[in-house]
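Let's take a walk through this structure together, one region at a time. Have the viewer open as you read.

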Amino acid sequence: EFVRVPQGWVKTLTSLPPEERLPDEQVTDEQIVESARKNRMLAIRLYRARYGVDLAEARERIEALLER
């Protein structure tokens, strides 16, 4: 979605809350682990979307996951 702001147009991305997603759109723990190995920021976003936690907590959890 594009939103008009004073400086111009900005592309925004939002994710549906878990309760509004279809079963095949749910983020799984396996997807989060796989993403963490390839792209830490994506994994943090997925973790936040799945568990509804803040940025700091998601980052800590992903870091802990990668240390295993």
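What follows goes from the strands to the core, and then to the aromatic pair, the pocket and a few single residues.

A word on conventions first: this is a predicted model, in which local features need pLDDT of at least 70 and side-chain atom pairs count only at pLDDT 80 or more, while totals for chains, interfaces and linings use all residues. Residues are numbered from 1 along each chain as its sequence is written, and side-chain values use heavy atoms, with hydrogens and water left out.

Start with the strands. Helices (H or I, at least four residues) and strands (E, at least two) are DSSP runs, numbered from the N terminus. Strand 1 (residues 2–5) and strand 2 (residues 8–11) run antiparallel and are joined by four bridges; for two strands to pair, DSSP must find at least two bridges between them. The connection from strand 1 to strand 2 is a hairpin through two residues. To see the register, look for V3 opposite V10 in strand 2, and for V5 opposite G8 in strand 2.

Between strand 2 and helix 1 there is a loop, and Q26 sits in it. Q26 counts as partly exposed because its relative accessibility is 26%, where buried means under 20% relative accessible area, exposed over 50%, and partly exposed in between (1.4 Å probe, protein chains only). A contact here means heavy atoms within 4.5 Å. Leaving aside neighbours within four places in sequence, Q26 is in contact with P18, R21 and Q31. If you want to relate the loop to the hairpin, the C-alpha atoms of Q26 and G8 are 33 Å apart in space, for 18 residues in sequence.

Now for the core. A nonpolar core is a set of buried Ala, Val, Leu, Ile, Met, Phe, Trp, Tyr and Cys residues joined through side-chain atoms within 4.5 Å. The largest one here has 10 residues: V27, I32, A36, A43, I44, L46, Y47, V53, A58 and I62. Two or more residues of this core come from each of helix 1 (29–38), helix 2 (40–51) and helix 3 (55–67). Helix 2 gives the largest share, four residues. Among the core members, V27 touches R21, I32, L46 and R50, not counting residues up to four places away in sequence.

Which residues does A43 contact, beyond its neighbours within four places in sequence? They are I32, S35, A36 and I62. A43 lies in helix 2, and it is classed as buried because its relative accessible area is 0%. Its partner S35 belongs to helix 1 and is also buried, with a relative accessible area of 12%. Outside a window of four places in sequence, S35 touches R40, L42, A43 and L46.

That brings us to R40, which is in helix 2 and is partly exposed, at 41% relative accessible area. With neighbours within four places set aside, R40 is in contact with S35, I62, E63 and L66. The C-alpha atoms of R40 and I62 are separated by 7.5 Å, although their positions lie 22 residues apart along the chain when counted as sequence separation.

Next come the aromatic rings. A pair of aromatic rings is described by the distance of the centres and the angle of the planes. Rings of Phe, Tyr and Trp (its six-membered ring) pair if their centres lie within 6.5 Å; planes under 30 degrees apart count as stacked, over 60 as edge-to-face and the rest as tilted. A search of the whole structure finds one such pair. Y47 and Y51 form it, and it is tilted, with 4.7 Å centre to centre and 40° between the planes. Both tyrosines lie in helix 2, four residues apart, about one turn of the helix. Y47 counts as buried because its relative accessibility is 10%, whereas Y51, at 38%, counts as partly exposed.

Finally, Y47 and Y51 are among the residues that line the largest pocket, together with D29, I32, V33, R61, A64, L65 and R68. Helix 1, helix 2 and helix 3 each give two or more residues to this lining. About 170 Å³ of space lies in the pocket.

Methods: 1 Å grid on protein atoms, 1.4 Å probe; cavity = no way out; pocket = protein on both sides within 12 Å on 5 of 7 lines; lining within 4 Å. Points joined across faces, edges and corners; volume = space filled by probe spheres on them.
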